[in-house]
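User: I've got this model open and I'd like to talk it through before I head back to the bench. Can you take my questions one at a time?

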Amino acid sequence: MATTVDPIRQHILWGTPHSLYTGKARSCLIKKGLAFVERCPSHPDYKARVRPAVGLVTFPVLETPDGEFIQDSTDIVTYLDGLDKGAPAKSMTPATPVQLVVARLIDGFGLEGMLQVAMHYRWSYRDEQELFLQTEFGRGLYAGADRETRRGAGRRVMDFFSSSLPALGITPQTIPAIEAAYEELLEALDVHFQSYPYVMGWRVSIADLGLIAPMYAHLGRDPYPTALMKKRAPNVARWVERMQLPNTPDGEYAAHVADWLPDDAIPATLEPVLALLFKDWGPQLATDAASYRQWLDANPGMEAGHLVNMNDGRLVHPTLGMVSYTWRGVQVQRTSAMHGLWLFQMAQAAAQSMPSDAVRRLTSLLESTAGQDLMALPLPRPMERRNNVLVLQ
Ligand SMILES: N[C@@H](CCC(=O)N[C@@H](CS)C(=O)NCC(=O)O)C(=O)O
């Protein structure tokens, strides 16, 4: 196949159906009603144009009509929101202070705090979904017509991903806690989606986009966890479908104005979800923040732009090494996850720059969801993304 530049100037989403982070970018494009084509990395242009431009083998990558390449699902959403600057009704990012903090927290929790549960249900139940996974991993790698070749291509990379479970703290000791936490989350979300079509109420936001990342590709599409979601939490399964639809067929809900709640309010049904977020993501973030602080202390004088990573490698998921903490009564050992800390930092920055009436409302929300300690977590030095990787500010 010859290398081609798309003749139609529209967005190209480079990614795969089974990729967690691609799900965030895809739902954003769909919900914004933008025309786009989706291409798998098996396309020759990926190697010829996308990989060199990004400097990493990863996806999603959004190729813009202007020929720009954006990696990182969060940066993609920021870019797409920027296109709607003159049309705030289309923005995915709430402008009011408390809603912004809550949406950013849930965005980060979905993307990084739920990576462990997503990977657990994909790989710990591999035997029950082997053929599906072979085909899906193969779909991203082989574009031809031979079914066996596609499955073989998938098989060749699957062991690499399944072997990452211990690094994510997924072990026989932690699995019961991972499953219990997920079932509680499903229950809380199922109650919420009984009343509202989206996380923040009647309108889609970055909170939905972060959550859909694990809840589409892994938990709402792989056979084993999908069956669990449908049996336990059908309203959540319906929300997963809704996030793949451009229009909002919300006929099952009472008449409503398609917006976030007035007066910067948070749906009461979201409070139990937030309480689980603080309980289940908090210990990991606190430990990652400590590891970040130690690294900064051990390497004084690092300049702005220095890679946030153990060594000089440019990584999609940079880490500062192994960390250990207690969570739900079990000891978790895993690699620290700096990307999650960057996402949390954005939520915290929003919380630290709000007017005093909003501070009062946020404080009361944090009191009822046990989130005060986490929101007060000291973060020593801001990080930012430059040239598709995480660096010191
Ligand atoms: N922070 C990135 C993460 C991208 C990412 O990890 N993508 C996965 C595919 S879903 C990947 O590249 N995995 C390969 C790897 O980590 O080496 C984002 O939000 O886009």
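**Cysteines, rings and the ligand**

Analyst: Sure, starting with the cysteines: the structure holds 0 disulfides. Keep in mind that this is a predicted model.

User: How far is the sulfur of C28 from the nearest cysteine sulfur?

Analyst: A disulfide needs two cysteine sulfur atoms within 2.5 Å. C28 is in no disulfide, and the nearest cysteine sulfur belongs to C40, at a distance of 20 Å. For C40, which is in no disulfide either, the nearest cysteine sulfur is that of C28, again at 20 Å.

User: Is C28 buried or exposed?

Analyst: Buried means under 20% relative accessible area. C28 has a relative accessible area of 0%, so the residue is buried.

User: On to the rings. How many aromatic pairs does the structure hold?

Analyst: Two rings pair when their centres lie within 6.5 Å. On that basis, the count of aromatic pairs in the structure is 14.

User: Why is the pair of Y121 and Y125 called stacked?

Analyst: Planes under 30 degrees apart count as stacked. The ring centres of Y121 and Y125 are 5.8 Å apart and the planes meet at 10°, so this pair is stacked. Y121 and Y125 are both buried. What earns the label is the angle of 10°.

User: Which residues do ring pairs link into a cluster with Y121 and Y125?

Analyst: The cluster takes in Y121 and Y125, and ring pairs tie in two further tyrosines. Those are Y182 and Y224.

User: What is the angle between the planes of Y292 and W295?

Analyst: Y292 and W295 both sit in helix α12 (residues 271-298), 3 residues apart, about one turn of the helix. Both are buried. Their rings form a stacked aromatic pair, 6.3 Å centre to centre, with the planes at 25°.

User: Which ring does the charged end of R203 sit over?

Analyst: For an arginine to count here, its CZ has to be within 6 Å of the ring centre. The charged end of R203 is 3.6 Å from the centre of the ring in question, which belongs to W260.

User: And what about W342: which charged residue sits over its ring?

Analyst: W342 is in helix α13 (residues 338-352). At a relative accessible area of 6%, W342 is buried. A charged end lies over its ring, 5.9 Å from the centre, and it comes from R385.

User: How far apart are the C-alpha atoms of W342 and R139?

Analyst: Along the chain, W342 and R139 are 203 residues apart. In space, the separation of their C-alpha atoms is 31 Å.

User: Now the ligand. What share of its area does the protein bury?

Analyst: Residues surrounding the ligand include S19, Y21, F59, P60, D72 and H317. Among the polar neighbours, T58 has a polar side-chain atom 2.4 Å from a ligand oxygen, and Q71 has one 3.0 Å from a ligand oxygen. Taken alone the ligand exposes 510 Å², and the share of that buried by the protein is 82%.

User: Which residue has a side-chain N or O atom 3.1 Å from a nitrogen atom of the ligand?

Analyst: A polar contact is a pair of N or O atoms within 3.5 Å. At 3.1 Å from the ligand nitrogen, the side-chain atom belongs to H339.

User: What is odd about the backbone going from F59 to P60?

Analyst: Most peptide bonds are trans. P60 lies in the loop between α2 (44-54) and β3 (61-63). With omega near 10°, the peptide bond from F59 to P60 is cis.

User: What is phi of D72?

Analyst: Most residues other than glycine have a negative phi. D72 sits in the loop between β4 (69-71) and α3 (73-83), and is buried, with a relative accessible area of 6%. Its phi is positive, near 100°.

User: And what is phi of D264?

Analyst: D264 is in the loop between α11 (234-242) and α12. It counts as buried, at 7% relative accessibility. Its phi is also a positive value, near 60°.

User: Last one: which side chain does D222 join through a polar contact of 2.7 Å?

Analyst: D222 is found in the loop between α9 (206-217) and α10 (223-232). At 0% relative accessibility, D222 is buried. The side chain at the other end of the 2.7 Å polar contact is that of R122.

Note on methods. Residues numbered from 1 in each chain as written. Predicted model: local features only at pLDDT ≥ 70, side-chain atom pairs only at ≥ 80, totals over all residues. Heavy atoms only, no water. Phe/Tyr/Trp six-rings, centres within 6.5 Å; stacked < 30°, edge-to-face > 60°. Buried < 20%, exposed > 50% of the residue type's maximum accessible area, 1.4 Å probe, protein only. Helix = DSSP H or I, 4+ residues; strand = E, 2+ residues; numbered from the N terminus. Lys NZ or Arg CZ within 6 Å of the ring centre and 35° of its normal. Near = heavy atom within 4 Å. Polar contact = N/O pair within 3.5 Å; in protein donor to acceptor, adjacent residues only side chain to side chain. Areas by Shrake-Rupley, 256 points an atom, 1.4 Å probe, with all protein chains shown as cover.
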